[in-house]
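Please examine the sequence and the three-dimensional structure shown below. The paragraphs that follow lead through selected parts of it, step by step.

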Amino acid sequence: MENAKLILNGKEYELPVVVGSEDEVGVDISTFRAKSGAITLDDGYGNTGSCKSAITFIDGEKGILRYRGYPIEELAENASFVEVCYLLIYGKLPNQAELAAFDHQLTRHSLIHEDMKKFFEGFPSSAHPMAILSAMIASLSAYYPDENNVDLNIIRLLSKARTIAAFSYKKSVGQPFVYPLNDLGYCENFLHMLFAVPAEPYKISPTLTKALNLLLILHADHEQNCSTSTVRMVGSSQANLFASISAGVCALWGPLHGGANQEVIEMLEHIRADGGDYKKYMEMAKDKSSSFKLMGFGHRVYKNFDPRAKILKKAADAVLAELGVADPTLAIAKNLEDVALNDPYFVDRKLYPNVDFYSGIIYRAMNIPTDMFTVMFALGRLPGWIAQWKEMHDDKSARINRPRQIYIGAPKREWVPVNKRA
Ligand code: SDX
């Protein structure tokens with residue numbers, strides 16, 4: 001494709017064009033400031049590419065999501081989360097020997113150092129598990145300081161984050177920590193650590209295992225979203241894997257991002273407690289003078305349906321039916337979706353349910369507490385963050401991320417001694 005041309009102050013600048021493997025077009029402005037002295041500005045980076053990546057492809061208009069070329073629908077139907085972790089991080093589906101070795105490694109590295117248990121004694125029982133998760137993941141770098149052993153640190157992180165998450169839940173409910181068992185698979189081990197109690201044997205539910213596997217796969221990566229861009233930003237300074245991922249956990253925590261799944265359930269619960277009048281809340285969501293947002297709706301990229309939300313809506317019905325759970329908030333969610341999909345305010349702004357709209361209903365049916373929902377999102381997103389960090393780490397030409405700005409503050413002014421100030 002021929003160069004782009006930009007005219008500024010009557011001067012024409014030619015800028016090279018990059019075309020991706022799915023025909024996405026990007027204008028490469030990396031030489032523009034040196035040539036013109038000007039920068040480009042893009043509030044919230046909604047129109048700016050931060051990197052080239054071979055990991056995940058999203059077409060927001062067509063509702064397409066693929067991990068390393070595999071459609072999310074096929075992975076959700078056929079894959080295990082461990083396979084998806086390997087696929088995202090190493091770029092291919094593992095063969096049987098590779099999968100067995102990877103799985104064995106994840107099993108062998110599921111314990112955290114016994115000294116790390118002492119960290120939990122310092123947290124109040126009311127501590128949000130995302131605070132614990134980000135602190136503990138960063139602290140893993142104190143126990144595994146060898147940054148060169150990237151593949152082993154990846155295994156350690158994928159496996160121990162699950163244990164840390166489960167221990168944070170046990171801490172919050174005042175129950176003893178349950179250690180991982182080496183004869184359980186990735187999802188089964190997590191459920192066992194979450195829900196087993198010493199008093200009685202814990203029976204692993206195939207329904208819960210299947211639901212957890214699906215939820216983790218659907219959250220596994222999503223190209224350059226806020227938390228992944230944070231991981232790349234921190235990692236671009238050559239900070240270690242654990243520190244970079246810990247920063248991603250903090251970014252995900254925000255209610256506009258991964259924290260939305262907790263907000264959705266709290267919103268649905270609020271509507272239910274207020275008599276279930278969802279139409280009243282739809283009107284509030286459209287009213288600019290109201291701070292109410294329809295949480296779980298809207299997306300920076302998807303301007304059509306979020307394919308993950310479609311899969312989760314179907315799964316919510318199936319999981320609740322299999323578990324024999326009747327959750328009135330599911331009906332409210334479906335009513336909100338039905339009304340929004342026909343309301344000009346939402347249609348004109350292309351606001352559709354996103355991945356967070358139905359996930360909380362399934363987590364709740366699994367007896368996962370609301371303040372653990374964003375931790376569940378983080379556990380799913382872990383392989384994506386790791387894959388994106390590794391892609392940048394392996395690129396020896398990668399530079400530290402350092403955006404520019406347009407200064408709009410005070411012009412130069414002289415110092416005034418304190419006794420002469422107004
Ligand atoms: C995730 O990036 C990713 O890929 C994220 C994610 C991932 O997998 O990593 O997909 C996960 O974070 C999903 C999003 C979860 N967040 C929420 O559900 C919170 C509610 N949604 C909104 O806050 C919002 O839609 C965002 C944050 C998701 C997107 O924000 P944008 O792209 O900045 O869009 P915007 O805020 O500029 O909204 C455009 C218009 C505005 O109205 P106008 O100014 O044009 O009149 O749509 C309105 C907004 O007021 N709008 C909403 C709305 N979302 C947008 N109005 C009511 N309810 C909403 N939820």
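**Rings, a helix and a ligand**

Phe119 has a relative accessibility of 29% and therefore counts as partly exposed, since that class lies between the limits of 20% for buried and 50% for exposed. This value, like every other one in this text, is computed from a predicted model. Tyr143 belongs to the partly exposed class as well, because its relative accessibility is 24%.

These two residues form an aromatic pair. Across the whole structure, a search finds 19 aromatic pairs. In the pair of Phe119 and Tyr143, the ring centres are 6.4 Å apart and the planes meet at 50°, so the pair is described as tilted. That angle falls in the tilted class because stacked pairs have planes under 30 degrees apart and edge-to-face pairs have planes over 60 degrees apart. Phe119 belongs to helix H5 (residues 117-122) and Tyr143 to helix H6 (residues 129-143); the pair links distant parts of the chain, 24 residues apart.

A second pair, Phe167 and Phe177, has another geometry. Its ring centres are 4.3 Å apart and the angle between the planes is 0°, an arrangement classed as stacked. Phe167 is located in helix H7 (residues 150-173), while Phe177 is in the loop between H7 and helix H8 (186-195), so the pair ties together parts of the chain that are 10 residues apart in sequence. The two partners are covered to unlike degrees: Phe167 is buried, at 1% relative accessibility, whereas Phe177 is partly exposed, at 23%.

Rings also occur in other arrangements. Phe297, Tyr345, Phe346, Phe357 and Tyr358 are joined into a cluster by ring pairs. Elsewhere, a ring has a charged group over it: the charged end of Lys310 sits over the ring of Phe305, at 4.2 Å from the ring centre. In the same manner, the charged end of Arg421 sits over the ring of Trp415, with 4.7 Å to its centre.

The next element to consider is helix H9, which covers residues 206-218. From its first C-alpha to its last, this helix of 13 residues reaches 18 Å, close to the 18 Å expected at 1.5 Å a residue. How many of the residues of H9 are buried? The count is 11 of 13, and the helix is thus mostly covered. Among the buried residues are Thr207, Asn213 and Leu218. At the start of H9, a side-chain oxygen of Ser205 comes to within 3.1 Å of the backbone nitrogen of Thr207.

The structure also contains a ligand. Which residues come nearest to the ligand? Of the 23 residues around it, they are His222, Gly296, His299, Arg300 and Arg308. Arg300 places a polar side-chain atom 2.7 Å from an oxygen atom of the ligand. For Arg308, an N or O atom of the side chain is likewise 2.7 Å from a ligand oxygen atom. Asn354 has a polar side-chain atom 3.0 Å from an oxygen atom of the ligand. Taken alone, the ligand exposes 1,100 Å², and the protein buries 76% of that area.

Finally, consider Glu14, a residue of strand S2 (residues 11-15). Glu14 is partly exposed, because its relative accessible area is 37%. Measuring along the chain, Glu14 and Phe32 are separated by 18 residues in sequence, while their C-alpha atoms are 8.7 Å apart in space.

Definitions and conventions:
Residues are numbered from 1 along each chain as its sequence is written. This is a predicted model: local features need pLDDT of at least 70, side-chain atom pairs count only at pLDDT 80 or more; totals for chains, interfaces and linings use all residues. Side-chain values use heavy atoms; hydrogens and water are left out. Helices (H or I, at least four residues) and strands (E, at least two) are DSSP runs, numbered from the N terminus. The expected span of a helix is 1.5 Å times one less than its number of residues. Buried means under 20% relative accessible area, exposed over 50%, partly exposed in between (1.4 Å probe, protein chains only). A polar contact is a pair of N or O atoms within 3.5 Å; within protein, one must be able to donate a hydrogen and the other to accept it, and residues adjacent in sequence count only if both atoms are side-chain atoms. Rings of Phe, Tyr and Trp (its six-membered ring) pair if their centres lie within 6.5 Å; planes under 30 degrees apart count as stacked, over 60 as edge-to-face and the rest as tilted. A charge sits over a ring if NZ of Lys or CZ of Arg is within 6 Å of the ring centre and within 35 degrees of the ring normal. A residue is near a molecule or strand if one of its heavy atoms lies within 4 Å of it. Accessible areas come from the Shrake-Rupley method with a 1.4 Å probe; for residues, only the protein chains shown count as cover.
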